[in-house]
Amino acid sequence: MGKTIAEKIFAAHLRDTPAPDTMILDLDVVMCHEITTPIAIMDLMDKGMDAVFDNTKIKAVIDHVTPAKDSKTAMQGKIMRDWAKRHNIRDFFDIGANGVCHALFPEKGFVRPGYTVIMGDSHTCTHGAFGAFAAGVGTTDLEVGIYKGVCSFRKPETFRITINGQLSKGVSAKDVILAIIKKITVNGGTDKVIEFVGPVVDAFNMSERMTLCNMAVEAGATSGICMPDRVTAEYLWPFIQDNYTTVDDAIAEFAKWHTDEDASFVEQLTIDVSNLVPQTTIRYKPDQVVDIESLPETTVDQVYIGSCTNGRIEDLRDAAKILQGRQLAQGVRGIVTPATPQIYNMALEEGIIKVFMDAGFCVLNPTCGACLGMSSGVLAEGEVCASTTNRNFNGRMGKGGMVHLMSPLSAAAAAVTGRITDPRNLLED
Amino acid sequence: MKKFGGKAIFLDRNDINTDEIIPAKYLTEITKNNLREHLLEDLLLDGRNFNAREEMAEAQVVVTRQNFGCGSSREHAVWAFEVNNIEVIIADSFARIFRQNMFNCGILAIELDKKDIERLFNLSGDVEITIDLDNQLISARVNGADQEAVQCDFEINPFDRDLVSVGGWLAYAAKKY
Ligand code: SF4
């Protein structure tokens with residue numbers, strides 16, 4: 001009987017099996033940010049367990065609220081800084097070098113095919129784009145990860161989603177994942193690893209694969225995962241070139257993780273995206289998704305472009321295609337936050353920052369900002385935001401606000417028209 | 001082993017997420033106790049704002065539906081229940097991270113069959129629920145009656161049970177790994 005990629009990764013990292021379907025895995029990377037980690041650090045200190053299992057395998061960043069907005073967030077940052085210093089954690093990214101964790105860590109080459117990764121953050125599944133098993137965890141799991149380098153999981157069951165067809169112009173990876181979540185619902189992936197395969201995924205670049213895997217948790221999945229291939233190897237090449245003679249060697253080695261042909265899946269779904277049109281969420285659940293063209297007129301107060309879902313350079317380029325030579329509609333606030341300093345720099349060099357500013361956008365430093373309603377663009381009661389983020393929960397971007405999730409193209413279209421708009425109408429042929 | 005049970009409150013909705021259990025703006029709190037007043041502050045039930053402070057005050061057990069605790073991984077959601085003396089949540093199903101966070105803290109996230117959940121939801125009056133962990137049995141009594149109105153079995157993974165008996169995953173892992 002063949003194995004899925006997740007089963008292979010589990011087998012290669014198995015430390016213990018304390019119950020028939022419970023597996024304790026050794027971890028390759030433990031990621032930390034300043035919202036969930038300080039409380040873990042404080043608890044470990046309290047219990048006399050202030051140690052790290054391997055300071056080279058811990059990666060830490062201050063990203064959620066940066067610069068600090070008040071004394072409490074300043075203290076969270078301080079606890080992280082002191083801890084990183086105390087344990088000599090070299091891969092610690094503070095202001096000036098910091099960015100949204102799930103955009104920054106891939107860019108640094110920290111995640112490789114076959115790795116096990118945890119973080120006290122539900123969108124850790126993003127890193128599955130590299131053919132890793134990457135899962136969000138709570139604070140206690142994070143504490144044990146930091147202290148002992150292990151984490152418990154139930155045996156992984158795999159839900160394979162095959163994506164066929166060809167995306168039409170104006171339709172992007174975000175539309176694909178929104179359509180998938182609509183179909184399988186917010187708990188369609190619970191306790192499962194969603195494996196994304198098929199010609200559309202093969203043709204996607206790493207940024208698009210990250211967008212897909214990022215939202216796997218919105219369907220309840222433990223992790224999203226893609227097969228590591230040439231695209232993965234070329235992206236990682238600057239970091240792995242000492243380990244392989246050629247890119248082809250790396251690809252050949254990555255292939256050992258691929259799901260076997262005779263592996264078994266708990267569920268399978270095949271979709272064809274050739275007729276897919278731009279999507280958006282309505283109301284408060286990420287599976288409440290409709291075609292933008294069928295939505296009754298919906299005006300917006302704010303447009304937010306950024307986050308671990310869609311704050312990468314490819315996303316900013318998409319938005320700029322629509323914004324170029326256009327202005328924010330009257331009364332609409334536009335906020336963009338390039339997800340990392342590197343992305344910010346590229347956007348500067350490519351003239352994209354200027355496009356945003358000329359259109360009337362506020363350009364923020366790299367941060368999670370308003371995505372989770374803590375700072376930098378919180379909505380007022382009754383306000384509506386077109387957003388490239390991943391959660392439309394009630395209160396997510398501010399109490400009483402309404403968030404419509406969509407692609408960067410669609411968000412930019414909403415910015416210039418002042419209402420949720422099918423971006424295909426604004427794209428040049 | 002610790003005793004679990006008490007007065008039940010019913011949250012009749014699927015997919016209650018952790019942003020509703022504890023909004024992100026409280027994630028800057030460094031002590032668990034500071035979360036106490038904000039439990040379920042943003043919950044919408046039947047389109048109405050749920051008055052959590054009043055309705056949760058006496059409860060020790062929550063009974064709810066599908067996919068409870070979905071969304072953000074914040075363990076603050078579990079702690080917000082814990083500091084309100086709620087150490088048992090019974091649901092149709094849980095989101096993975098929330099369920100794991102509950103057991104990691106040494107408290108109970110119990111999954112029941114849909115029909116057993118329905119039987120609990122059909123009770124009216126003041127419902128008191130007791131959990132017999134050794135025999136894996138849930139009993140519900142109504143309005144102080146001696147006779148149980150509903151009794152049903154539940155399954156618990158032996159690993160999760162061990163976590164409850166040692167007081168959580170950190171204690172377990174510190175000793176074993
Ligand atoms: S950008 Fe939003 S979803 Fe992503 S890690 Fe930050 S807060 Fe979480």
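This is a short chat about a predicted model, covering its ligand, chain B and a few backbone details.

Me: Hi! Which residues come nearest to the ligand?
Reply: Happy to help! A:His123, A:Cys308, A:Cys368, A:Cys371 and A:Asn390 come nearest, out of 13 residues around the ligand.

Me: And what's the mix of that shell by class?
Reply: The shell around the ligand has six nonpolar residues, five polar ones and two charged ones.

Me: Which helices of chain A supply at least two residues of the shell each?
Reply: Helix H4 (101–107) and helix H11 (307–310) of chain A do.

Me: Where does the ligand lie in terms of domains?
Reply: Domain 1 (5–154) and domain 3 (281–428) of chain A both give residues to the shell, so the ligand lies between them.

Me: What about the cavities, which one is the largest?
Reply: The largest cavity is the space taken by the ligand.

Me: Switching to chain B: how many helices and strands does it have?
Reply: Chain B has seven helices and nine strands. Its radius of gyration is 16 Å, close to the 16 Å that the globule rule gives for 177 residues, so chain B is as compact as a globular protein of that length.

Me: What box do its C-alpha atoms fill?
Reply: Along the principal axes, the C-alpha atoms of chain B fill a box of roughly 45 × 45 × 25 Å.

Me: How much of chain B counts as buried?
Reply: That would be 60% of its 177 residues.

Me: Now the backbone. Which residues does a cis peptide bond join?
Reply: A cis peptide bond joins A:Thr66 and A:Pro67, with omega at about -5 degrees. A:Pro67 is in the loop between strand S4 (58–61) and helix H3 (71–86) of chain A.

Me: Why would I pick out a cis bond or a positive phi?
Reply: Because most peptide bonds are trans, and most residues other than glycine have a negative phi.

Me: OK, what is the phi of A:Thr185?
Reply: The phi of A:Thr185 is positive, about 70 degrees, although this residue is not a glycine. You'll find A:Thr185 in the loop between helix H6 (173–184) and strand S10 (192–197) of chain A. A:Thr185 is partly exposed, with a relative accessible area of 29%.

Me: And B:Asn67, is that one buried or exposed?
Reply: B:Asn67 is buried: its relative accessible area is 1%, and buried means under 20%. B:Asn67 also has a positive phi, about 55 degrees, although it is not a glycine.

Me: Where is B:Asn67 found?
Reply: Look in the loop between strand S4 (61–64) and helix H3 (76–82) of chain B.

Key
Residues are numbered from 1 along each chain as its sequence is written. Chains are lettered from A and ligands numbered from 1 in the order in which they are written. This is a predicted model: local features need pLDDT of at least 70, side-chain atom pairs count only at pLDDT 80 or more; totals for chains, interfaces and linings use all residues. Side-chain values use heavy atoms; hydrogens and water are left out. A residue is near a molecule or strand if one of its heavy atoms lies within 4 Å of it. On a 1 Å grid over the protein atoms alone, a cavity is a set of points where a 1.4 Å probe fits but cannot get out, and a pocket is an open set with protein on both sides within 12 Å along at least five of seven lines; lining residues have an atom within 4 Å of a point. A molecule sits in a cavity or pocket if more than half of its atoms lie within 2 Å of its grid points. Helices (H or I, at least four residues) and strands (E, at least two) are DSSP runs, numbered from the N terminus. Ala, Val, Leu, Ile, Met, Phe, Trp, Tyr, Cys and Pro count as nonpolar, Asp, Glu, Lys and Arg as charged, and the others, Gly among them, as polar. Domain bounds come from an automatic or database domain assignment. The radius of gyration is taken over C-alpha atoms; the globule rule is 2.2 Å times the number of residues to the power 0.38. Buried means under 20% relative accessible area, exposed over 50%, partly exposed in between (1.4 Å probe, protein chains only).
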